[in-house]
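Trainee: I have a model open in front of me and would like to learn how to read it. Could you take me through some features, one at a time?

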Amino acid sequence: MALSFGTDGVRGIAHSELTTKFVQIFGRAAAEEFQSCSWLVGRDTRESSLPLAKFLANGLASTGGEVFDLGVVPTPLVAAASKIEEMPAVMVSASHNIWSDNGLKIFGPGGLKLSDGSQKSIEQRIKNLLETEPNEISEQQATPYLEPEADYLRSTVSSIEGRDLQGQRIVIDCANGAASHIAPKVLLALKADLVVINAEPNGRNINAGCGSNQPLMLQEKVLETKATLGLALDGDADRLIAVSGNGAVIDGDQMLCLFATDFARRDLLQSQAVVVTVMSNMGLIRAMAQNNIRVEQTSVGDRNVLAAMNEHGIELGGEQSGHIIFGKHSTTGDGILSGVLLADLMKRWGGDTVAIAASAMKQHPQVLINVPVAGLSIDVENVFAQEIINATNTLKGTGRVLVRASGTEPILRVMVEAETEQTARSVATALAHDIENHVIGSLPKPGH
């Protein structure tokens, strides 16, 4: 069965699910969809990324177009290059997943992620090609793209309008990923007192015990070095989780709250609105209301956030996971840009990151439990409707329940938000248990 698009591109286990044949056919299907002469391709640091990128280039070039190789670069750089060159582009990366996974993130000309219609069209083309294309596949060398970092570095540095980060000690955790080379360059160009960790990729250590999903090492380093701020990227640097001077984590909701408040104070939020997802904390919603900032909610995925921003003319949006989109600067989540703008905000607001982060919003306790559903396709809202109603009723109007299928992994995400951690955990655990029992009952019996 062919892989399909999730919340952020296509992902699977490299070479067993995301095979070289599939990647080549994906490239051909994309080339047919866009009928483009030229493509841009970037990749992260996984050991599978380079060989997959070569077969991808072969597919993209199969209709006669030229393919330009950006090399190992962050996803937001690929999107930025796509916008500058008005070329479609593909990033070979599984983002925050483990090293053995890989994926394909595709951008249309102008650096925008694809509409649902374009994704479905490509999926159908892939299905048709898998049934007709021979197994023999070959590699093709792409044309190197000269100085891929130059424009991105320049635009990211200029995002803080001539100011710098001098006097701020910043620890940057590059997750041994695609930003290991360029993220330190950007911060050093802004005169930060920089400490760099996890910037020595070996093909298998991407996201391993580090980065935005696992910030413990960054928290320890911030305390050890008495840093002002810590910044943790993920494997392809399209998301950011920060750490304040006392080692406390600053998630995407808190950062979005700070940015929205700051933009409103400086008359940079003309829409007086932000876009968030259904996973965002109730504390963010209430903080925005207190600041007279309207909130538009959308489904999970920075692709959906950007679509809502464009539809409603909103300059700022983001996700709790750390995807922040600044409409003035980017067309996708950008962890490096978010880190630069956050550090600049902290410096302008007085530099006490502990107090600033704590003042952002009052977070409501959230508990998230993942329930494996490998091999099952589930209509969550219908199949688990009664379980969700029961859990919601238990909260008696003081919280909320959300169950959704992950767009990147074979799991269901069970989220419960309540006034206390104990209540949230109790309800989430019971709901996850009910769902697990339901799932187990749906699995085919041995021998059937």
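Trainee: Let's begin with one residue: where is Ser-4 found?

Mentor: Keep in mind that this is a predicted model. Ser-4 sits in the segment before β1 (10–13).

Trainee: Is Ser-4 buried, partly exposed or exposed?

Mentor: We judge that from the relative accessible area, and values from 20% to 50% count as partly exposed. Ser-4 has a relative accessible area of 46%, so Ser-4 is partly exposed.

Trainee: Which residues is Ser-4 in contact with, leaving aside its neighbours within four places in sequence?

Mentor: They are Gly-9, Val-10 and Glu-123. Now look at Lys-120 as well: 116 residues separate Ser-4 from Lys-120 along the chain, while their C-alpha atoms are separated by 8.7 Å.

Trainee: Lys-120 takes me to helix α4. How many residues does α4 have, and how far does α4 reach?

Mentor: Helix α4 covers residues 116–132, which is 17 residues. From the first C-alpha to the last, α4 reaches 25 Å, close to the 24 Å expected at 1.5 Å a residue.

Trainee: Which residues of α4 are buried?

Mentor: Find Ser-118, Gln-119, Ile-122, Ile-126 and Leu-129 in your view; these are the buried residues of α4. They cover an arc of only 95° around the axis, so they are on the same side of α4. On the other side of the helix, Lys-120, Glu-131 and Thr-132 are exposed.

Trainee: And what covers the buried residues of α4?

Mentor: The cover includes α1 (20–34), β5 (101–108) and α10 (302–312).

Trainee: Then let me turn to α10. Which residues are buried there?

Mentor: In α10, the buried residues are Asp-302, Arg-303, Val-305, Leu-306, Ala-308 and Met-309. Their cover includes α4, together with the strands β6 (112–113), β13 (273–277), β14 (294–298), β15 (316–318) and β16 (324–326). Just after α10 you will meet Gly-313, with a positive phi of about 65°.

Trainee: I'd like to look at phi in other residues too. What is phi of Ser-95?

Mentor: Phi of Ser-95 is near 55°, and this is a positive value in a residue other than glycine. Ser-95 belongs to the loop between β4 (89–92) and β5. With a relative accessible area of 1%, Ser-95 is buried.

Trainee: And what is phi of Asn-198?

Mentor: Asn-198 has a phi near 55°, again a positive value in a residue other than glycine. You will find Asn-198 in the loop between β9 (193–197) and α7 (216–225). Its relative accessible area is 16%, so Asn-198 counts as buried, because the cut-off is 20%.

Trainee: Where is Ile-206 found?

Mentor: Ile-206 is in the loop between β9 and α7. Ile-206 is buried, at 2% relative accessibility. Leaving aside its neighbours within four places in sequence, Ile-206 has contacts including Asp-44, Trp-99, Ala-175 and Gly-235.

Trainee: Now a pair of helices. At what angle do the axes of α8 and α9 cross?

Mentor: To read a helix pair, look at how the two axes run. Here the axes of α8 (residues 252–265) and α9 (residues 282–290) come within 10 Å and cross at roughly 10°. The two helices are therefore roughly parallel to each other.

Trainee: Which residues make the contact?

Mentor: From α8 there are Asp-253, Leu-256, Cys-257, Ala-260 and Thr-261, and from α9 there are Leu-284, Ala-287 and Met-288. By class, that contact has six nonpolar, one polar and one charged residues.

Trainee: Where is Asn-281 found?

Mentor: Asn-281 lies in the loop between β13 and α9. Asn-281 is buried, with a relative accessible area of 2%. Leaving aside its neighbours within four places in sequence, Asn-281 is in contact with several residues, among them Asp-253, Gln-320, His-364, Arg-400 and Glu-417.

Trainee: One last residue: is Ser-338 buried or exposed?

Mentor: At 0% relative accessibility, Ser-338 is buried. Ser-338 is part of helix α11 (residues 335–348). Beyond its neighbours within four places in sequence, Ser-338 is in contact with Leu-240, Phe-259, Ile-324 and Phe-326.

Key:
Residues numbered from 1 in each chain as written. Predicted model: local features only at pLDDT ≥ 70, side-chain atom pairs only at ≥ 80, totals over all residues. Heavy atoms only, no water. Helix = DSSP H or I, 4+ residues; strand = E, 2+ residues; numbered from the N terminus. Expected span 1.5 Å × (residues − 1). Buried < 20%, exposed > 50% of the residue type's maximum accessible area, 1.4 Å probe, protein only. Arc of directions from axis to C-beta. Contact = heavy atoms within 4.5 Å. Axes fitted to C-alpha atoms, helices over the stretch in contact; angles between N-to-C directions. Parallel < 35°, antiparallel > 145°, perpendicular 65-115°, else oblique. Nonpolar A, V, L, I, M, F, W, Y, C, P; charged D, E, K, R; others polar.
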